[in-house]
Amino acid sequence: LPVIPTLSPGASSFPHHRATLRLSEKFILLLILSAFITLCFGAFFFLPDNSKHKRFDFGLEDVLIPHIESEKEARHSSRQVIHGVGGHDEHRLRDKIRADHERALQEAKEKLRKSKEELKAEIQTEKTKVVEDLKKKDGPKPLPPVPMPKLVGVSDGDPGDSDTKEKRDKIREMMKHAWDSYRQYGWGHNELKPIAKKGHSTNIFGNSQMGATIVDALDTLYIMGLHDEFKDGQEWIEQNLDFSVNAEVSVFEVNIRFIGGLLAAYYLSGQEVFKVKAVQLAEKLLPAFNTPTGIPWAMVNLKSGVGRNWGWASAGSSILAEFGTLHMEFVHLTYLTGNPAYYQKVMHIRKLLAKMDRPNGLYPNYLNPRTGRWGQHHTSVGGLGDSFYEYLLKAWLMSDKTDTEARKTYDDAIEAIERHLIRKSNGGLTFIGEWKNGHLERKMGHLTCFAGGMFALGADGSPDDKAGHYLQLGAEIAHTCHESYDRTVLKLGPEAFKFDSGLEAVAVRQNEKYYILRPEVIETYWYMWRFTHDPKYRQWGWEAVQAIDKYCRVSGGFSGVKDVYSSNPTYDDVQQSFFLAETLKYLYLLFSSDELLPLENWVFNTEAHPLPVLHLGNITLPGSETQR
């Protein structure tokens, strides 16, 4: 081991180093003394007097200390200090600052002791609180009071004779069965699987449970007098309907089912919650219009606002029947909110379409929202095109027949459709074909059958005294569509049917033989009944009631069937929300008196949700002046 030398206590092992250390100590002491004298000298000459010093302190408190409640109190404190009573307030303020600092330090120490999970939970709680506070502070302003449109015939509609009343009661019972089954097995889900007895949804609603059947069925429940069921639906909407979900939804479907359903429920019942929810949802749809042309995307994420189009649509196009079926609901949104954005969005679409060339005067089903050019030249009055034409006519009707631009656009479109798409089969059946790449496909879809009712609805006001012609055209389409039902085993119509090779009004392909509880044929029966009162339309409607009740009814609700030509069909196990919104509503109206929702006062959206005619008179919709 090395030997460590011992040192004598009095002797220095490093005498030269010790002398250098003493010199530097003296130098440091001299520097400190100089600084102290300079500080005292500066304080004496340059610091403000006592009263200014106190005011400066309290000014700092206003800015830095979060305990001052309001501007008024801050001004009051400031005035008190200027006329203060001495140093007592100053000491109290300093004590307060010190106490705050000590408390903050203590909180920080406590936070450091917490686990990562506890800190995360705390941060989330704080974030939630901030969001809630912002909602309270900057939340939706109360909607402006607007005069309620004239509401006529919102209930009853007793048909008078007992036979018709009995049939109407049967339809009401079917509605109750459909609703009760959904209430028991699918409550809160978008739709119902009546065989499996559980909830069901499709991609049009994203991955969310938004209670589509509840919203879609409300107005049907109301006009049928099923008020307990209506109240249940209202309570669910008040407590559970939330649109701040991370879900990618169809703009078109959510508009016609949800916004249309909520607005109709509001107008019928007067319950504010429906109006508020409709506006909340509409605000979530507006980002879909953020495209180079203003033509909206087909889908939008309700949370992020990001939009896109269906992958199957021609060259990334938007679809005519989707971006062209917003007008009715958006005009009502502007009317109820005073926000011109909704009206301006739909009018911009109309103006853009008016400037575009149309092949043979026809509107193709696809339009690219980036380029503003048509996609594939495919024109249809059925799927992809149908409700665009319907909403041109209904925009005119809903405006109390003042929107003449909409009426002219409708008339021009129908003239081109008659010239190029409407034909008579060898067997004498009038049908509406589809235009595809320069030739007519002699096929008609179940969806196209709504057009009979549209022609009848638009007959009054037709150019060149053609009202009789269009009423007759509506009757011919109704007859053709009834034949498509009558030529099946189940007496229910297929999804599509052809008019060639000796076969007429019959489906050929297996994937076109299904019936999914669709309403369009019954919708046309109802309109034709209203305008003609020909008893055959009630007779045809009753045939449909009996067939649906016999072949589609199951213990857990109503299901579509996969083959209407089979005497032993398999079920598709879906109770569509539109069955309650449209099919059963149109049947109920068919067996009611004309006093229930008279067409002079109400216009039905494409999901059969009734919206009142806006008798605006001299009132101008916000935003309309900028569109002229």
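**Questions about a predicted model**

Trainee: How many of the five residues of strand 14 (residues 496-500) are buried?
Mentor: Keep in mind that we're looking at a predicted model. A residue counts as buried when its relative accessible area is under 20%. Strand 14 is largely enclosed by the rest of the structure, because its count of buried residues, out of five, is four.

Trainee: Which residue stands opposite Lys 443 in strand 14?
Mentor: Start with the pairing: strand 13 and strand 14 run antiparallel and are joined by three bridges. Follow strand 14 across from Lys 443 and you land on Lys 498.

Trainee: And what is the bridge partner of Phe 499 in strand 15?
Mentor: Strand 14 also runs antiparallel to strand 15 (residues 503-506), again with three bridges joining them. Look in strand 15 for the partner of Phe 499, and you'll find Glu 504.

Trainee: Which residue takes a positive phi in the hairpin of strand 14 and strand 15?
Mentor: The hairpin has two residues between its strands. One of its residues has a phi near 55°, and that residue is Ser 501.

Trainee: Let's move to the cysteines. Which residue does the disulfide join to Cys 449?
Mentor: A disulfide is a covalent bond between the sulfur atoms of two cysteines. The structure holds one disulfide. Its S to S distance is 2.0 Å, and the partner of Cys 449 is Cys 481.

Trainee: How many residues apart in sequence are the parts that this pair ties together?
Mentor: Cys 449 lies in the loop between strand 13 (443-445) and helix 16 (451-457). Cys 481 sits in helix 17 (residues 467-486), so the separation of the parts being tied, in residues, is 32.

Trainee: Is that disulfide left-handed or right-handed?
Mentor: Check the torsion about the S-S bond of Cys 449 and Cys 481. That torsion is about -95°, so the disulfide is left-handed.

Trainee: Is Cys 481 buried or exposed?
Mentor: The cut-off for buried is under 20% relative accessible area. Its disulfide partner Cys 449 has a value of 1% and is buried. Cys 481 has a relative accessibility of 1%, so the word for Cys 481 is buried.

Trainee: Which strands stand at the edges of the open sheet with the order 8-11-12?
Mentor: This sheet has three strands with antiparallel pairing. An edge strand has a single partner strand, so one side of it is left without a neighbour in the sheet. That describes strand 8 (378-379) and strand 12 (439-441).

Trainee: Which residue of strand 11 stands opposite Thr 379?
Mentor: Strand 8 pairs with strand 11 (residues 434-436) in the antiparallel sense, over two bridges. Opposite Thr 379, in strand 11, you'll see Trp 435.

Trainee: There's also an open sheet with the order 3-4-5. What is the bridge partner of Glu 248 in strand 4?
Mentor: The sheet has three strands, paired antiparallel. Strand 3 (248-250) and strand 5 (307-308) are at its edges, each with a single partner strand. Three bridges join strand 3 to strand 4 (residues 299-301). Within strand 4, the partner of Glu 248 is Asn 301.

Trainee: How far apart are the C-alpha atoms of Asn 301 and Ala 288?
Mentor: Asn 301 is a buried residue, at 12% relative accessibility. Along the chain, Asn 301 and Ala 288 are 13 residues apart. Their C-alpha atoms are separated by 8.6 Å.

Trainee: Which helix gives the most to the lining of the largest pocket?
Mentor: The largest pocket has a volume of about 1,300 Å³. The lining has 48 residues, and Gly 383, Leu 384, Leu 447, Glu 495 and Arg 518 lie nearest the centre. Elements that each supply at least two residues include helix 14 (386-398), strand 13 and helix 18 (520-532). The top contributor, with four residues, is helix 9.

Trainee: How many residues of that lining are charged?
Mentor: Sort the lining by class: 17 residues are nonpolar and 15 are polar. The number of charged residues is 16.

Trainee: Where does UniProt place the feature "binding site"?
Mentor: The residue is found in the loop between strand 18 (602-604) and strand 19 (610-612). It is buried, with a relative accessible area of 16%. The unreviewed UniProt entry puts the feature at Thr 606.

Key: Residues are numbered from 1 along each chain as its sequence is written. This is a predicted model: local features need pLDDT of at least 70, side-chain atom pairs count only at pLDDT 80 or more; totals for chains, interfaces and linings use all residues. Side-chain values use heavy atoms; hydrogens and water are left out. A disulfide is a pair of cysteine sulfur atoms within 2.5 Å. Buried means under 20% relative accessible area, exposed over 50%, partly exposed in between (1.4 Å probe, protein chains only). Two strands pair if DSSP finds at least two bridges between them. On a 1 Å grid over the protein atoms alone, a cavity is a set of points where a 1.4 Å probe fits but cannot get out, and a pocket is an open set with protein on both sides within 12 Å along at least five of seven lines; lining residues have an atom within 4 Å of a point. Grid points are joined across faces, edges and corners, and a volume is the space filled by probe spheres set on the points. Ala, Val, Leu, Ile, Met, Phe, Trp, Tyr, Cys and Pro count as nonpolar, Asp, Glu, Lys and Arg as charged, and the others, Gly among them, as polar. UniProt positions are given in the numbering used here, feature names are shortened, and annotations may be inferred rather than shown by experiment.
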